[in-house]
Amino acid sequence: MDEFVTLTYRGKEVKLPLVTGSEGEKAIDISRLRAETGLITLDPGYANTGSCLSAITFMDGEKGILRYRGIPVEQLAEKASFKETAYLLINGRLPNRDELTQLSVRLNDHSLVHTDLKAFYQNFPRASHPMGILSSMVNAMKSFYPELDTLEEEINITVTRLLAKVRTMAAMSYKISRGHEIVLPRPDLTYCENFLNMMFDTPVTPYEIKREAVNALRVFWILHADHEQNCSTSSVRMVGSARVNLYTAISTGIAALWGPLHGGANQAVIEMLDNIHNNGGDCTKIIQRAKDKNDPFRLMGFGHRVYKTYDPRAKIMKKMCDNLLAAIQITDPLLDTAKELEEMTLKDPYFIDHNLYPNIDFYSGIILRAIGIPTNMFTVMFAIGRLPGWIAQWKESMDDPNWKISRPRQIYTGHQQYDYVPIHAR
Ligand code: CMC
């Protein structure tokens with residue numbers, strides 16, 4: 001039975017239809033609101049606004065649930081490969097054996113990067129942040145691979161290129177930043193192994209691929225692969241809605257992800273933990289700062305727009321920190337600092353009342369450190385993981401029969417009309 005919400009405005013009743021999702025979530029469809037009443041809605045930060053219908057990712061922020069195409073992220077983290085997860089997100093179902101082999105072959109075929117792109121890298125100042133470089137380079141890919149982006153096969157090639165080359169480009173940027181020779185991808189290695197090898201192999205110290213490191217990276221990327229309409233994904237959709245090419249839309253997503261309130265938080269967390277550790281390890285002061293209304297400081301790696309309970313991804317990350325560090329026999333004092341900080345916040349009324357729990361970024365940096373990733377590459381690691389999600393969301397929006405260019409409205413609060421004053425009279 002169709003459900004409606006009735007809005008009464010200036011004596012007129014307007015029936016607004018309710019839309020129900022497959023998990024029972026409900027939304028008021030206000031697409032006729034302005035036409036019927038002259039009103040718009042105002043929702044800063046879009047906290048109550050659904051921007052699309054989507055069949056990709058389901059999150060329940062109250063219960064701490066996250067599923068890709070219906071499959072719990074816990075199951076994927078335990079059993080799937082990152083490639084399978086990417087296929088699942090982009091194509092809507094798990095691949096069969098042939099499809100997975102085909103994907104591997106295509107990723108291998110497209111994993112090299114045009115050598116002219118190397119020159120671009122060398123012209124960035126040495127201290128450039130890798131996220132800025134990656135965003136520019138992905139945008140530049142359009143000039144090197146100028147397909148039309150319209151035919152399905154061309155889109156498939158662009159998607160494969162992105163999945164294959166962004167990983168190579170990320171490792172290249174690290175090598176160039178260190179003044180080292182670039183290591184090329186190898187056909188005999190898996191997606192995760194190849195990345196680690198491109199990052200860490202050198203002619204004088206061949207990289208020994210450790211099973212534990214590969215597994216940690218696999219889980220890290222799977223957990224980052226999609227998170228419905230977050231800031232970077234919404235940016236990809238919004239920019240994509242102008243029918244810009246996929247490279248540019250992804251480059252926009254990377255730019256948005258760089259922000260410390262979004263993907264940049266993984267770098268900020270380690271810097272914060274390092275700071276606590278170097279100053280004697282006492283977490284009290286930083287907790288006080290985070291609670292101080294007059295201080296804009298926030299505890300990095302805590303809080304989430306949707307999760308009002310423990311982030312399910314953070315649970316997996318935390319467990320993995322312990323397992324990984326034990327397996328590769330290293331200790332990281334920042335893990336102890338992180339656990340102490342978490343323990344104190346979980347008992348603190350401010351954090352309890354505000355529903356602030358560790359998010360994915362709180363423990364992920366410790367995993368990345370353990371496998372040797374430098375801190376300024378952390379957000380790049382997030383970006384590689386999020387790539388399948390951005391692509392899936394972009395594809396879904398392009399195929400949407402109700403597609404429209406994204407164009408929010410506003411309530412104007414500036415001056416009312418007044419006349420231009422010539423400069424001599426001001
Ligand atoms: N530390 C201290 N107080 C916080 C924090 C925090 N990390 N996060 C939220 N609050 C407080 C905030 O001050 C506000 O308090 P009050 O209502 O008393 O004024 C209340 O909680 C609600 O905050 P909000 O800014 O309205 O919440 P939001 O949903 O807009 O923001 C967030 C979500 C993730 C931006 C925010 O929690 C935050 O800044 N966290 C730190 C950065 C971080 O870890 N980001 C990674 C997010 S997960 C990965 C990703 O999505 O990229």
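## A hairpin of two strands

In this predicted model, strands β4 and β5 form a hairpin with 4 residues between them, and glycine 64, which lies in the turn, has a positive phi of about 70°. The two strands β4 and β5 pair in the antiparallel sense over 4 bridges, and within this pairing phenylalanine 58 stands opposite arginine 67 in β5.

## The open sheet

The hairpin belongs to an open sheet of 3 strands, arranged in the order β4-β5-β6 with antiparallel pairing. Strands β4 (57-60) and β6 (71-72) stand at the edges and have a single partner strand each, so one side of each is left without a neighbour in the sheet. Strand β5 (residues 65-68) pairs with β6 in the antiparallel sense over 2 bridges, and the bridge partner of tyrosine 68 in β6 is isoleucine 71.

In a regular strand the side chains alternate between the two faces of the sheet. Both faces of β4 are covered, since Thr57 and Met59 on one side are buried, as are Phe58 and Asp60 on the other.

## An enclosed helix

Helix α11 (residues 246-257) has 12 residues, which at 1.5 Å a residue should span 16 Å, and this agrees with its end C-alpha atoms, which are 16 Å apart. At the N-terminal end of α11, asparagine 245 acts as a cap, with a side-chain oxygen 3.0 Å from the backbone nitrogen of tyrosine 247.

Of the 12 residues of α11, 10 are buried, so the helix is largely enclosed by the rest of the structure. Among these buried residues are Leu246, Tyr247, Ile250 and Leu257, and what covers the buried residues of α11 includes α6 (130-144), α7 (152-177), α10 (231-240) and α18 (378-399).

Technical notes:
Residues numbered from 1 in each chain as written. Predicted model: local features only at pLDDT ≥ 70, side-chain atom pairs only at ≥ 80, totals over all residues. Heavy atoms only, no water. Pairing = 2+ DSSP bridges. Buried < 20%, exposed > 50% of the residue type's maximum accessible area, 1.4 Å probe, protein only. Expected span 1.5 Å × (residues − 1). Contact = heavy atoms within 4.5 Å. Polar contact = N/O pair within 3.5 Å; in protein donor to acceptor, adjacent residues only side chain to side chain.
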